[in-house]
Amino acid sequence: MRRTKEDAEKTRIALLASAERLFLDKGVAHTSLDQIARDAGVTRGAVYWHFQNKAHLFHEMLNQVRLPPEQMAERLCSCTQQQPLRALRDLCLDGIASLARDEQKRRIMTILLHRCEFTDELREAEERHHAFINQFIELCEKLLECAGSKLLPGVTPRLAARTIHALIVGLFSDWTRDQTLFDPQQDAAALVDPLFRGLVADWDAVQPASAPA
């Protein structure tokens with residue numbers, strides 16, 4: 001029995017690896033369960049033993065890693081209200097850098113941003129994606145409300161939160177499309193700090209002394 005469970009788990013891992021590889025190469029909509037089964041060297045029946053359908057397989061592939069937007073949302077939940085602007089800035093830098101540190105995370109983020117058409121069969125995955133976007137913006141807004149007096153006139157916590165989200169998603173999308181555009185670990189501060197300088201009345205007094213200007 002133990003051997004059977006081990007073999008089943010190996011098959012499941014092989015299917016997820018094949019799905020990740022084919023989704024990245026062909027796109028989610030243009031990859032069939034038959035192709036995934038052949039790539040993994042198993043039968044189509046083995047696919048249905050482990051996964052209800054392609055949407056379930058796609059969802060389980062996403063669950064293998066904690067993507068930067070999800071990690072950022074989770075960390076925002078635990079952020080203290082002390083120095084909220086610095087905490088938010090550091091969180092953005094870490095989210096960008098995490099793409100360079102984890103190859104699988106980078107591949108799956110690339111699939112999500114560039115190889116995925118949210119068809120009806122992927123509705124659940126699309127809803128999950130949108131839920132984390134909304135959660136990130138709402139948590140950013142709450143954190144920024146703690147520093148509302150430091151924002152420039154006319155910049156509301158809501159507008160600032162949406163602006164930060166737009167920058168982060170844009171950087172994720174650009175870098176996963178073309179990794180020569182910037183270095184996520186070396187250039188993150190230079191990319192993020194100008195935005196905060198445009199939102200905060202005296203950003204140089206808020207950011208760490210060691211941070212790039």
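**Entry 1: helix α6**

I began with the length of α6: at 1.5 Å a residue its 18 residues should span 26 Å, and the end C-alpha atoms lie 25 Å apart, in agreement with that expectation. I note that I am working from a predicted model. I then looked up which residues of α6 are buried, and found Pro84, Leu85, Leu88, Arg89, Leu91, Cys92, Leu93, Gly95, Ile96, Ala97, Ser98 and Leu99.

**Entry 2: the chain as a whole**

I counted 11 helices and zero strands in the chain. Read from the N terminus, the order of elements is therefore α-α-α-α-α-α-α-α-α-α-α. I recorded that 43% of the 213 residues are buried. I also looked at contacts between residues at least 6 apart in sequence, and 70% of these join residues at least 24 apart. For the surface, I noted that the chain exposes about 11,200 Å², of which carbon and sulfur atoms supply 49%.

**Entry 3: helix α10**

I next took up α10, which runs over residues 188-199 and has 12 residues. From its first C-alpha to its last I read 17 Å, close to the 16 Å expected at 1.5 Å a residue. Which residues of α10 are buried? I listed Ala188, Ala189, Val192, Asp193, Leu195, Phe196 and Leu199. These residues cover an arc of only 160 degrees around the axis, so they sit on the same side of α10. I set beside this the general rule that an α-helix has 3.6 residues a turn, so residues three or four places apart point the same way. I then asked what the buried residues of α10 pack against. The partners are α6 (84-101), α9 (157-177) and α11 (203-206).

**Entry 4: Trp203 and the aromatic pairs**

I followed the packing of α10 to Trp203, which is found in helix α11. Trp203 counts as buried, at 2% relative accessibility. Leaving aside neighbours within four places in sequence, I found Trp203 in contact with Leu85, Arg89, Asp193, Phe196 and Arg197. Of these partners, Leu85 and Arg89 are listed among the buried residues of α6, and Asp193 and Phe196 among those of α10. Trp203 and Leu85 are 118 residues apart in sequence, while their C-alpha atoms are 9.0 Å apart in space.

I looked for aromatic pairs and found two in the structure. In one of them, the rings of Phe196 and Trp203 have centres 5.0 Å apart and planes at 25 degrees, so I entered the pair as stacked. The cut-off behind this step is that planes under 30 degrees apart count as stacked. Phe196 counts as buried, at 1% relative accessibility.

**Entry 5: cysteines**

How many disulfides does the structure hold? I found zero. I checked Cys92, whose sulfur is 6.3 Å from the closest cysteine sulfur, that of Cys140, which is too far for a bond. The cut-off needed here is 2.5 Å between the sulfur atoms. Cys92 is buried, with a relative accessible area of 1%. I looked up Cys116 as well, and at 14% relative accessibility this residue also counts as buried.

**Entry 6: Thr31**

I located Thr31 in the loop between α1 (2-26) and α2 (33-40). Is Thr31 buried or exposed? Thr31 is buried, with a relative accessible area of 2%. Not counting residues up to four places away in sequence, I found that Thr31 touches Leu22, Phe23, Lys26, Ile36 and Lys54. I also read the C-alpha separation of Thr31 and Ala19, which are 12 residues apart in sequence, as 8.1 Å.

**Entry 7: Glu60**

I placed Glu60 in helix α4 (residues 54-63). At 19% relative accessibility, Glu60 counts as buried, because the cut-off for that class is under 20%. Apart from neighbours within four places in sequence, Glu60 is in contact with Arg12, Leu16 and Phe51.

**Entry 8: Leu113**

I closed with Leu113, which is found in helix α7 (residues 103-114). Leu113 counts as partly exposed, at 25% relative accessibility. Beyond neighbours within four places in sequence, I found Leu113 in contact with Phe172, Ser173 and Thr176. The C-alpha atoms of Leu113 and Phe172 are separated by 8.4 Å, although the two residues are 59 residues apart along the chain.

Notes: Residues are numbered from 1 along each chain as its sequence is written. This is a predicted model: local features need pLDDT of at least 70, side-chain atom pairs count only at pLDDT 80 or more; totals for chains, interfaces and linings use all residues. Side-chain values use heavy atoms; hydrogens and water are left out. Helices (H or I, at least four residues) and strands (E, at least two) are DSSP runs, numbered from the N terminus. The expected span of a helix is 1.5 Å times one less than its number of residues. Buried means under 20% relative accessible area, exposed over 50%, partly exposed in between (1.4 Å probe, protein chains only). The arc is that of the directions from the helix axis to the C-beta atoms. Contact means heavy atoms within 4.5 Å. Rings of Phe, Tyr and Trp (its six-membered ring) pair if their centres lie within 6.5 Å; planes under 30 degrees apart count as stacked, over 60 as edge-to-face and the rest as tilted. Accessible areas come from the Shrake-Rupley method with a 1.4 Å probe; for residues, only the protein chains shown count as cover.
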